[in-house]
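Hi,

Here is the structure I said I would send over. Have a look at it first, and my notes follow underneath.

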Amino acid sequence: MYLPAAQANVASFDSHEGDVGCLSFSENGFYLATGDATTVRLWDLRKLKMFKTLDAPAAIADVAFDFSGQFLAFGAGGEVAVHEAKTWSGLTKFEVGASGIAWGPFSKTIAVGSTDGKLQMYGGP
């Protein structure tokens, strides 16, 4: 891993209205997803600007890009929402109170740490 000797601030983003509680880089490093009280904001790191806001019903608990960069999942309130990363359209929702989200191999499963102390896995064949 390369870390420059002098750690300098290269950009600041100030569009959030509250605390930024979670963030996730896309696999190619072009995008950054950040979550606050009720929004996920998407940033284009090549242009250093926000380009999309996704609203949620409650505070964002976690955001996670999958390893291919095709999907973004975020947990808020009693649900986990999955969006396609190129159009940013919603694909599906799971009714579960999420405290943490992680994608499995080949984006076929999503592990959700839930607010009731359980670990739940969602996926297909």
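Let's start with Leu 23, which you'll find in strand β1, residues 22–25. Together with Val 20 and Phe 25, Leu 23 makes a nonpolar patch on the surface, and the three share about 300 Å² of accessible area. Before you read on, keep in mind that this is a predicted model.

Just after that strand comes Ser 26, in the loop between β1 and β2. Ser 26 counts as buried because its relative accessibility is 5%, under the 20% cut-off. Its side chain has a polar contact with the side chain of Asn 28, at 2.8 Å. Leaving out residues up to four places away in sequence, Ser 26 touches Tyr 31 and Phe 65. Both of those are worth a look.

Tyr 31 sits in strand β2, which covers residues 31–35. With a relative accessible area of 18%, Tyr 31 is buried too. Beyond its neighbours within four places in sequence, the residues in contact with Tyr 31 include Ser 24, Phe 25, Trp 43, Leu 45, Phe 51 and Phe 65. Asp 44 and Arg 46 are also among its contacts. With Arg 46 there is a side-chain polar contact of 3.5 Å. If you want a distance to check on screen, Tyr 31 and Val 63 are 12 Å apart from C-alpha to C-alpha, with their positions 32 residues apart in sequence.

Arg 46 leads on to the charged pairs. How many salt bridges does a search of the whole structure find? The search turns up 2. One joins the side chains of Arg 46 and Asp 44, at 3.2 Å from N to O. Asp 44 is buried, with 8% relative accessibility. The other is between the side chains of Lys 93 and Glu 79, at 3.6 Å from N to O. Lys 93 belongs to strand β8 (residues 90–94) and Glu 79 to strand β7 (residues 79–84), so this pair ties together parts that are 14 residues apart in sequence. Are the two partners buried or exposed? Lys 93 is exposed at 52% relative accessibility, whereas Glu 79 is buried at 15%.

Now for the inside. The largest nonpolar core has 16 residues, and Val 40, Ile 60, Phe 65, Leu 72 and Phe 74 have the most contacts within it. At least two residues of this core come from each of β2, β3 (39–44), β5 (60–65) and β6 (71–76). Phe 65 is a good one to click on: leaving out residues up to four places away in sequence, it touches, among others, Ser 24, Ser 26, Tyr 31, Leu 42, Leu 72, Trp 88 and Trp 103. There is also a second, separate core of 12 residues, which includes Val 80, Val 82, Ile 101 and Ile 110. As a general point, nonpolar side chains tend to be buried together in soluble globular proteins.

One last residue to find is Ser 107, in the loop between β9 (98–103) and β10 (109–114). Although Ser 107 is in a loop, its relative accessible area is 17%, so it counts as buried. Outside its neighbours within four places in sequence, Ser 107 is in contact with Asp 66, Phe 67, Ser 68 and Phe 71.

Cheers

Terms used: Residues are numbered from 1 along each chain as its sequence is written. This is a predicted model: local features need pLDDT of at least 70, side-chain atom pairs count only at pLDDT 80 or more; totals for chains, interfaces and linings use all residues. Side-chain values use heavy atoms; hydrogens and water are left out. Helices (H or I, at least four residues) and strands (E, at least two) are DSSP runs, numbered from the N terminus. Buried means under 20% relative accessible area, exposed over 50%, partly exposed in between (1.4 Å probe, protein chains only). Contact means heavy atoms within 4.5 Å. A polar contact is a pair of N or O atoms within 3.5 Å; within protein, one must be able to donate a hydrogen and the other to accept it, and residues adjacent in sequence count only if both atoms are side-chain atoms. Patches are made of residues with over 30% relative accessible area and no salt bridge: like charges are joined within 9 Å, nonpolar side chains (Val, Leu, Ile, Met, Phe, Trp, Tyr) within 5 Å. Accessible areas come from the Shrake-Rupley method with a 1.4 Å probe; for residues, only the protein chains shown count as cover. A salt bridge is a side-chain nitrogen of Lys or Arg within 4 Å of a carboxyl oxygen of Asp or Glu. A nonpolar core is a set of buried Ala, Val, Leu, Ile, Met, Phe, Trp, Tyr and Cys residues joined through side-chain atoms within 4.5 Å.
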